[in-house]
Amino acid sequence: MGAPTRIGTCGWADATLVKCGRFYPHDVANDPQRRLAFYAASFSLVEVDATYYAIPARRVVEGWASTTPFGMTFDVKAYGLFTGHKVATKSLPRDVRGALPRTLADAASVQVGELDVGLVAELRR
């Protein structure tokens with residue numbers, strides 16, 4: 001027997017899903033943690049798009065895990081920098097931004113090839 005098939009949506013904060021008023025009860029729609037808990041009671045998989053735009057803080061990810069039941073699957077998109085795309089310089093973690101040369105620190109966006117290999121290694125940790 002193969003792996004189980006999981007069904008979910010592209011996030012628990014999708015504006016259309018939240019605003020339509022047909023899925024989330026009114027009392028959880030505006031509370032991200034309660035919304036995720038309600039979502040996880042209906043689906044065992046969710047796609048996380050936010051990680052493409054910035055690396056979330058550890059406490060945020062730990063919050064996702066503590067809000068959902070054991071076995072919840074998070075389909076996490078890779079940070080854009082690791083997929084060959086330009087990312088907003090302000091999306092880099094503060095310590096990495098602080099280590100950038102001035103020309104990159106002042107740039108609106110960066111690509112992985114522009115970064116020092118040590119900084120890239122730090123981002124992958």
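**Exercises: helix α3, Thr51, cysteines and sheet**

The buried residues (under 20% relative accessible area, 1.4 Å probe, protein chains only) of helix α3, residues 32-40, are Arg35, Leu36, Tyr39 and Ala40. This is a predicted model: local features need pLDDT of at least 70, side-chain atom pairs count only at pLDDT 80 or more, and totals for chains, interfaces and linings use all residues. Residues are numbered from 1 along each chain as its sequence is written, and side-chain values use heavy atoms, leaving out hydrogens and water.

**Exercise 1.** Place the buried residues of α3 around its axis, then find what covers them and what caps the helix.

Step 1. Take Arg35, Leu36, Tyr39 and Ala40. They sit on the same side of α3, because their arc around the axis is only 130°. The arc is that of the directions from the helix axis to the C-beta atoms.

Step 2. Recall the geometry. An α-helix has 3.6 residues a turn, so residues three or four places apart point the same way.

Step 3. List the cover. It includes β1 (8-9), α1 (15-19), α2 (26-29), β2 (45-48) and α5 (58-67). Helices (H or I, at least four residues) and strands (E, at least two) are DSSP runs, numbered from the N terminus.

Step 4. Check the N-terminal end of α3. Asp31 caps it, with a side-chain oxygen 3.1 Å from the backbone nitrogen of Gln33.

**Exercise 2.** Describe the surroundings of Thr51.

Step 1. Locate Thr51: helix α4, residues 50-53. Its relative accessible area is 6%, so Thr51 is buried.

Step 2. Find the side chain's partner. It reaches the backbone oxygen of Val48 at 3.1 Å.

Step 3. Set aside residues up to four places away in sequence; Thr51 then touches Pro56, Trp64, Val76, Lys77, Ala78 and Tyr79. Contact here means heavy atoms within 4.5 Å.

**Exercise 3.** Count the disulfides and explain the result.

Step 1. Apply the rule: a pair of cysteine sulfur atoms within 2.5 Å. The count is zero.

Step 2. Test Cys10. Its closest cysteine sulfur, in Cys20, is 13 Å away, so a bond is ruled out by distance.

Step 3. Add exposure. Cys10 is partly exposed (from 20% to 50%), at 40% relative accessible area. Cys20 is also partly exposed, at 30%.

**Exercise 4.** Work out the strand order of the sheet.

Step 1. Read the order: three strands form an open sheet, β1-β2-β3, with parallel pairing. The edge strands are β1 and β3 (73-76), each pairing on one side only.

Step 2. Examine β1 and β2. They pair in the parallel sense over two bridges; pairing requires at least two bridges found by DSSP. Gly8 has Leu45 in β2 as its bridge partner.

Conventions: Polar contact = N/O pair within 3.5 Å; in protein donor to acceptor, adjacent residues only side chain to side chain.
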